[in-house]
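User: I would like to learn how to read a structure of this kind, one feature at a time. Could you take me through it slowly, giving the general idea before the particular case?

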Amino acid sequence: MLTSVAESVVRPRPAYRTFRAAVARAERLSPHFVRVTFAGEELADFGTAGLDQRVKLVFPIEGRGFADFPAGEDWYRAWRELPADRRNAFRTYTVRAVRPGRREVDVDFALHGDLGPASAWAARASEGDELLIIGPDERSPERTVGIDFRPGAVDTVLLAGDETAAPAICAILEQLPADASGAALIEVPSPADVLQVAAPEGVEVRWLARSSADAVHGERLVPAVRDWVARATTPIDDRPATDAAADASAAALSAAELADGDDVPLWDVPEGRSLDGACYAWLAGEASVITSLRRFLVRDAGLDRRQVAFMGYWRRGRAELE
Ligand SMILES: Cc1cc2nc3c(=O)[nH]c(=O)nc-3n(C[C@H](O)[C@H](O)[C@H](O)COP(=O)(O)OP(=O)(O)OC[C@H]3O[C@@H](n4cnc5c(N)ncnc54)[C@H](O)[C@@H]3O)c2cc1C
């Protein structure tokens, strides 16, 4: 007994655990976004820290559900040892909202067809469908480990991403202090995918719809970031955004900048630290677009790389690595 008490003192509750949940409702927000609200008794303890809190969603195997999915902290090692046909697919998503009192969690899925298990599942999600969420435990002292937005004390914040980053950007915007300043630039598949989000008055929010279904990711985002950086040298309010400026910058976009590279890092999240008077940039979305934006901000715009968090959320032509 004494030993187990001592162990529970030195060993904190794990940051993440598996929550069983079922779809309470699925709401089509726009042509390419569906908000799935999960409910379940276990969600009473789900972490509420918000921002860009990431989770893993585990999808059922037809006819077997979650019978084979390993329990416990060491689930990943055990999962890898299973035969391929008994390994549940899982993918990484962002918590859009948590309502512990109602035992509910919202996740916004960007739909991209039936190519991947997550998008295919979300497009058909309906009340009662079961799913496992590997997410933060509110009772753990380390419940914020899955949060990468760590700006420290800065004057200006730049949030930039594609539709997969829209849920994180919206959640961050809603939690920024009222006196925050900066911009949120969010590229989405079509004009009908513009969502409503509350943001501090000093943060310019621009939804950037791609020109067509065949347009490359980054088509609007890359020029918009360049445009914002150019305007940010003077007070933002003095120079309203223009699509013409964005289009001009688009012409300067080289194919090489959007090229896929295997040898470049796809993820770097600096530790939060005080950068008085500086800008903190948070970039997430398709990996080649995000790495090119990071390169631009560090090499051309002169930001210290410790001011730039960049996250390749997905890679064109590749399923998420499991
Ligand atoms: C920390 C983190 C947070 C994330 N949060 C969210 C979120 O809240 N909402 C969200 O929608 N996504 C989010 N993503 C991205 C999501 O995990 C990927 O898009 C994932 O690949 C989707 O899985 P899938 O099973 O649909 O496709 P996969 O099986 O992984 O991929 C199949 C094919 O689809 C392509 N593909 C994947 N995603 C897209 C896309 N969006 N558009 C076009 N093609 C694509 C791949 O390149 C591949 O060719 C997040 C990723 C990370 C790492």
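Analyst: What follows goes from the ligand and its surroundings to a few residues in loops. Please keep in mind throughout that this is a predicted model.

User: Let us begin with the ligand, then: which residues come nearest to it?

Analyst: A residue is taken as near the ligand if one of its heavy atoms lies within 4 Å of it. Here 25 residues surround the ligand, and Thr-92, Ala-110, His-112, Arg-315 and Glu-320 are the ones that come nearest.

User: Which of these residues have a polar backbone atom 2.7 Å from an oxygen atom of the ligand?

Analyst: For a polar contact, one looks for a pair of N or O atoms within 3.5 Å. A polar backbone atom of Thr-92 is 2.7 Å from an oxygen atom of the ligand, and a polar backbone atom of Ala-110 is likewise 2.7 Å from a ligand oxygen. For Glu-320, a polar backbone atom lies 2.8 Å from an oxygen atom of the ligand. As for cover, the ligand on its own has 920 Å² of accessible area, and the protein covers 92% of that area.

User: Which pocket does the ligand take up, and which strand gives the most to the shell around it?

Analyst: The space that the ligand takes is the largest pocket. Strand 4 gives the most to the shell, with four residues, and the elements that each supply at least two residues are strand 4 (90-94), strand 6, helix 3 (117-124) and strand 13 (308-314). Sorted by class, the shell holds 11 nonpolar residues, seven polar ones and seven charged ones.

User: I should now like to understand backbone angles. Which sign of phi does one find in most residues other than glycine?

Analyst: Most residues other than glycine have a negative phi, so a positive value is worth a second look. In this model Leu-51 has a phi near 50°, and its place is in the loop between strand 2 (33-39) and strand 3 (54-58). Arg-103 also has a positive phi, near 55°, and lies in the loop between strand 5 (97-99) and strand 6 (104-110).

User: Is Leu-51 buried or exposed, and what is the relative accessible area of Arg-103?

Analyst: Leu-51 counts as buried because its relative accessibility is 18%, and the cut-off for buried is under 20%. Arg-103, with a relative accessible area of 28%, is partly exposed.

User: Where is Asp-137 placed, and which backbone nitrogen does its side chain reach?

Analyst: Asp-137 sits in the loop between strand 7 (130-136) and strand 8 (156-161), and with a relative accessible area of 2% it is buried. The side chain of Asp-137 reaches the backbone nitrogen of Arg-139 at 2.9 Å.

User: Finally, how does one compare separation along the chain with separation in space?

Analyst: One sets the number of residues between two positions beside the distance between their C-alpha atoms. Gly-113, in the loop between strand 6 and helix 3, is 10 residues from Ala-123 in sequence, and the two C-alpha atoms are 8.0 Å apart. Arg-306, in the loop between helix 7 (287-300) and strand 13, is 25 residues from Ala-281 along the chain, with 9.5 Å between their C-alpha atoms. Gly-113 is partly exposed at 38% relative accessible area, and Arg-306 is partly exposed at 41%. The side chain of Arg-306 also makes a polar contact, at 2.6 Å, with the side chain of Asp-304.

Conventions. Residues numbered from 1 in each chain as written. Predicted model: local features only at pLDDT ≥ 70, side-chain atom pairs only at ≥ 80, totals over all residues. Heavy atoms only, no water. Buried < 20%, exposed > 50% of the residue type's maximum accessible area, 1.4 Å probe, protein only. Polar contact = N/O pair within 3.5 Å; in protein donor to acceptor, adjacent residues only side chain to side chain. Areas by Shrake-Rupley, 256 points an atom, 1.4 Å probe, with all protein chains shown as cover. 1 Å grid on protein atoms, 1.4 Å probe; cavity = no way out; pocket = protein on both sides within 12 Å on 5 of 7 lines; lining within 4 Å. Sits in = over half its atoms within 2 Å of the grid points. Nonpolar A, V, L, I, M, F, W, Y, C, P; charged D, E, K, R; others polar.
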